[in-house]
Amino acid sequence: MAVGPTTRRRQLGADLRRLRELKGLTLEEAGARVGISKATLSRYETKEGTVKWPAVDALCREYSATDEERLALVELAKGAKIQGWWRSLADPVPDSMNLMLTLEDEVVREDHYACMYVPGLLQTRAYAEAVHRASEVQCEEREVQHMVDIRMKRQELLEREEPPRIWCVIDEAALRRRVGGREVMREQLAHLAACAERPHITVQVLPFSLGAHAAAVGSFVTLRGQTRELDVVYVDLLGGGLFMEKPEELERYRLAFDYLSAQALDLESSVALIDRVSKE
């Protein structure tokens with residue numbers, strides 16, 4: 001899978017910190033050696049904002065990195081300036097959506113738990129329109145269509161030559177919640193069942209009969225990068241969303257998803273339930 005700008009930036013920050021710690025230098029000591037402030041170097045390592053490749057080159061030399069490591073990190077610094085397709089859109093994208101698009105453009109796997117609606121990557125256009133109209137009641141129709149256009153564009157990653165692995169555990173409530181009317185739901189459920197047949201998409205249903213389960217807190221998605229340290233969790237919140245990447249937070253949600261997938265129906269039974277709800 002292609003490595004995008006955010007993955008490059010985040011990998012660069014992690015590698016710079018690793019090399020500094022191996023050398024036994026503090027942020028202040030390392031920054032002083034190459035003429036940058038402690039705050040700037042901290043920003044480099046915490047993956048925030050732009051980074052100048054000459055500074056990366058100088059840091060690598062101070063850290064006694066191999067030539068191979070140094071050149072690789074310089075290339076990461078240069079590549080981190082590339083912008084994603086959504087940057088050229090005429091209408092602005094909300095900050096939380098901007099980060100989601102950036103991360104999602106580069107993932108190797110996504111683990112979704114959905115308790116309210118079908119996950120966005122698997123929504124039909126009519127269903128997505130109904131969801132946005134309900135959740136953004138003060139938005140003009142033009143804004144609704146703009147956000148739905150972005151959601152449909154997001155789905156193109158499923159058609160890549162090497163698409164990410166998508167694993168969805170969907171609460172039965174999301175299947176039975178009538179969004180947009182009978183025909184919209186019938187189309188959506190048929191589309192969901194078709195998606196479940198694709199080799200890189202796994203769909204499981206968490207049935208009502210299960211009772212209490214491991215994620216009563218609400219919907220979330222774990223965006224998995226090429227290395228474990230690049231994983232990020234996105235949690236749905238009213239008016240936006242929350243991104244988390246601390247190791248203890250990631251582990252909590254990884255464990256919750258593992259429990260959910262173990263508690264949910266198997267693939268064949270899940271598709272059968274989707275079909276049954278569609279007929280009802």
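Me: Helices are DSSP runs of H or I of at least four residues, and strands are runs of E of at least two. How many helices and strands does the secondary structure of the protein chain come to?

Reply: The model is a predicted one. Its protein chain has twelve helices and six strands.

Me: What share of the protein chain do buried residues make up?

Reply: Of the 280 residues in the protein chain, 49% are buried. As for contacts with a separation of 6 or more, 72% join residues 24 or more positions apart.

Me: Why does His112 count as buried?

Reply: The cut-off for buried is under 20% relative accessible area. His112 has 8% relative accessibility and therefore counts as buried. This residue belongs to strand 1, residues 109-114. Beyond its neighbours within four places in sequence, His112 is in contact with nine named partners in the chain, among them Pro119, Trp167, Cys168, Phe220 and Phe257.

Me: What makes Ala77 count as buried, and what makes Pro54 count as partly exposed?

Reply: The 1% relative accessibility of Ala77 is under the 20% cut-off, so Ala77 counts as buried. Pro54, at 45% relative accessibility, falls in between 20% and 50% and is therefore partly exposed. Ala77 is found in helix 5, residues 67-79, whereas Pro54 lies in helix 4.

Me: Which residues does Ala77 touch, not counting those up to four places away in sequence?

Reply: Ala77 touches Leu12, Val51, Trp53 and Val56. Trp53 is 24 residues from Ala77 along the chain, yet their C-alpha atoms are separated by 5.3 Å. For Pro54, the C-alpha to C-alpha distance to Val74 is 7.7 Å, with their positions 20 residues apart in sequence.

Me: Which residues have the most contacts inside the largest nonpolar core?

Reply: They are Leu122, Leu175, Leu192, Val203 and Ile274, in a core of 27 residues. At least two residues each come from helix 7, strand 2, helix 9, helix 10, strand 3 and helix 12. Helix 10 gives the largest share of this core, seven residues. A second, separate core has 20 residues, including Leu16, Leu59, Leu73 and Val74. In soluble globular proteins, nonpolar side chains tend to be buried together.

Me: How do you know that Leu175 touches residues beyond four places away in sequence, and which are they?

Reply: Contact means heavy atoms within 4.5 Å. With residues up to four places away left out, Leu175 touches Ile170, Met185, Leu189, Leu192, Val205, Ile274 and Val277.

Me: Helix 10 and helix 12 pack at an angle of about 165°, with their axes 9 Å apart. Why is helix 10 called roughly antiparallel to helix 12?

Reply: Angles over 145 degrees count as roughly antiparallel. An angle of about 165° meets that cut-off, so helix 10 is roughly antiparallel to helix 12. Their crossing is left-handed. Arg186, Leu189, Leu192, Ala193 and Ala196 of helix 10 make the contact with Val271, Ile274, Val277 and Ser278 of helix 12. By class, this contact has seven nonpolar, one polar and one charged residues.

Me: Helix 7 and helix 8 pack at about 135°, with their axes 9 Å apart. What makes helix 7 oblique to helix 8?

Reply: About 135° is not over 145, nor does it fall within 65 to 115 or under 35, so helix 7 is oblique to helix 8. Helix 7 passes helix 8 in a right-handed crossing. The helix 7 residues in this contact include Ala128, Glu129 and His132, and those of helix 8 include Val144, Val148 and Met152. The contact has five nonpolar, two polar and six charged residues. Besides helix 8, the buried residues of helix 7 pack against helix 9 and helix 10.

Me: Helix 2 and helix 3 pack at about 105°, with their axes 8 Å apart. Why is helix 2 called roughly perpendicular to helix 3?

Reply: The range for roughly perpendicular is 65 to 115 degrees. About 105° lies in that range, and helix 2 is therefore roughly perpendicular to helix 3. Here Leu27, Glu28, Ala30 and Gly31 of helix 2 meet Lys38, Leu41, Ser42 and Glu45 of helix 3. These residues divide into three nonpolar, two polar and three charged.

Me: What is the phi of Ser64 near?

Reply: The phi of Ser64 is near 60°, a positive value in a residue other than glycine. Most residues other than glycine have a negative phi. Ser64 lies in the loop between helix 4 and helix 5.

Key. Residues numbered from 1 in each chain as written. Predicted model: local features only at pLDDT ≥ 70, side-chain atom pairs only at ≥ 80, totals over all residues. Heavy atoms only, no water. Core = buried A, V, L, I, M, F, W, Y, C linked by side-chain atoms within 4.5 Å. Buried < 20%, exposed > 50% of the residue type's maximum accessible area, 1.4 Å probe, protein only. Axes fitted to C-alpha atoms, helices over the stretch in contact; angles between N-to-C directions. Left-handed = near helix turned anticlockwise from the far one by under 90°. Nonpolar A, V, L, I, M, F, W, Y, C, P; charged D, E, K, R; others polar.
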